[in-house]
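Let's work through a few short exercises together. Have a look at the sequence and the model, then try each task before reading its solution.

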Amino acid sequence: MLALVQRVQSASVRVEGATVGAIGPGVLALIGFERGDEASSLSRFRDRLLGYRMFSDETGRMNKSLLDTGGQLLLVSQFTLAADTRSGMRASFTPAAEPEQARVLFDQLVAICREKLPTGVEIGQFGAHMEVSLVNDGPVTFLLRP
């Protein structure tokens, strides 16, 4: 499992013209699951998402996490993150988890994130064609693994 996380001033997801998730200041996390990923790794993954220090403290150093700042989290499933792009001119999606497995893991991740950030977690729509908009803050972007 992996997450491409971006510090944002705001972010939203639209599906078929309707907004399905939107946040103010916080983190947009594009989430990909790979074959062999297990639910036992989700708690550590959640802790990294919510605890990763990517917000500035009073001195301008990235010493604060989403939990420290009280920001919001927008989780968006994105199977293309798990693609193998090492050769050729077209991605191979063989490393990506099957959709059924990924949906279960994504739903579990959402649930445990909401336990720690009860009013600040929004989501996209799993498996849908989504329009993701964001105002990147920095830009600050990291690739996280559990």
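**Exercise 1: the pocket**

Which residues lie nearest the centre of the largest pocket, and how many residues line that pocket? Keep in mind that this is a predicted model.

Solution, step by step:
- Start with the lining: it is made up of 21 residues.
- Now go to the centre, where the nearest ones are Ser-77, Gln-78, Phe-79, Thr-80 and Gly-127.
- For the space itself, the volume of the largest pocket is about 390 Å³.

**Exercise 2: what the lining is made of**

Work out which strands and helices feed the lining of the largest pocket, and how its residues split by class.

Solution, step by step:
- Look for elements that give at least two residues each: these are β3 (26-32), β6 (72-77) and α3 (99-116).
- Pick out the top contributor: β3 gives the most, with three residues.
- Sort the lining by class, and you get 14 nonpolar, six polar and one charged.

**Exercise 3: a bridge between two strands**

Find the partner that Arg-7 meets in a salt bridge, and say which parts of the chain the pair ties together.

Solution, step by step:
- The side chain of Arg-7 meets that of Asp-137, at 3.4 Å from N to O.
- Arg-7 sits in strand β1 (residues 2-15) and Asp-137 in strand β8 (residues 131-144), so the pair ties together parts that are 130 residues apart in sequence.
- Check the surroundings: Arg-7 has 9% relative accessibility, and since buried means under 20%, Arg-7 counts as buried.
- Asp-137 comes out at 25%, which makes this residue partly exposed.

**Exercise 4: a small network**

Among the eight salt bridges in the count, trace the ones that link Arg-46, Asp-47, Glu-115 and Lys-116 in a network.

Solution, step by step:
- Take Glu-115 and Arg-46: their side chains meet in a salt bridge at 4.0 Å, N to O.
- This pair links distant parts of the chain, with Glu-115 in helix α3 and Arg-46 in helix α1 (residues 42-51), 69 residues apart.
- Are these two buried or exposed? Glu-115 is exposed, with a relative accessible area of 60%, while Arg-46 is buried at 8%.
- Next, Asp-47 and Lys-116 also meet in a salt bridge, again given as 4.0 Å from N to O.
- Asp-47 belongs to helix α1 and Lys-116 to helix α3, so this pair ties together parts 69 residues apart in sequence.
- On accessibility, Asp-47 is partly exposed at 38%, and Lys-116 is partly exposed at 44%.

Key: Residues numbered from 1 in each chain as written. Predicted model: local features only at pLDDT ≥ 70, side-chain atom pairs only at ≥ 80, totals over all residues. Heavy atoms only, no water. 1 Å grid on protein atoms, 1.4 Å probe; cavity = no way out; pocket = protein on both sides within 12 Å on 5 of 7 lines; lining within 4 Å. Points joined across faces, edges and corners; volume = space filled by probe spheres on them. Helix = DSSP H or I, 4+ residues; strand = E, 2+ residues; numbered from the N terminus. Nonpolar A, V, L, I, M, F, W, Y, C, P; charged D, E, K, R; others polar. Buried < 20%, exposed > 50% of the residue type's maximum accessible area, 1.4 Å probe, protein only.
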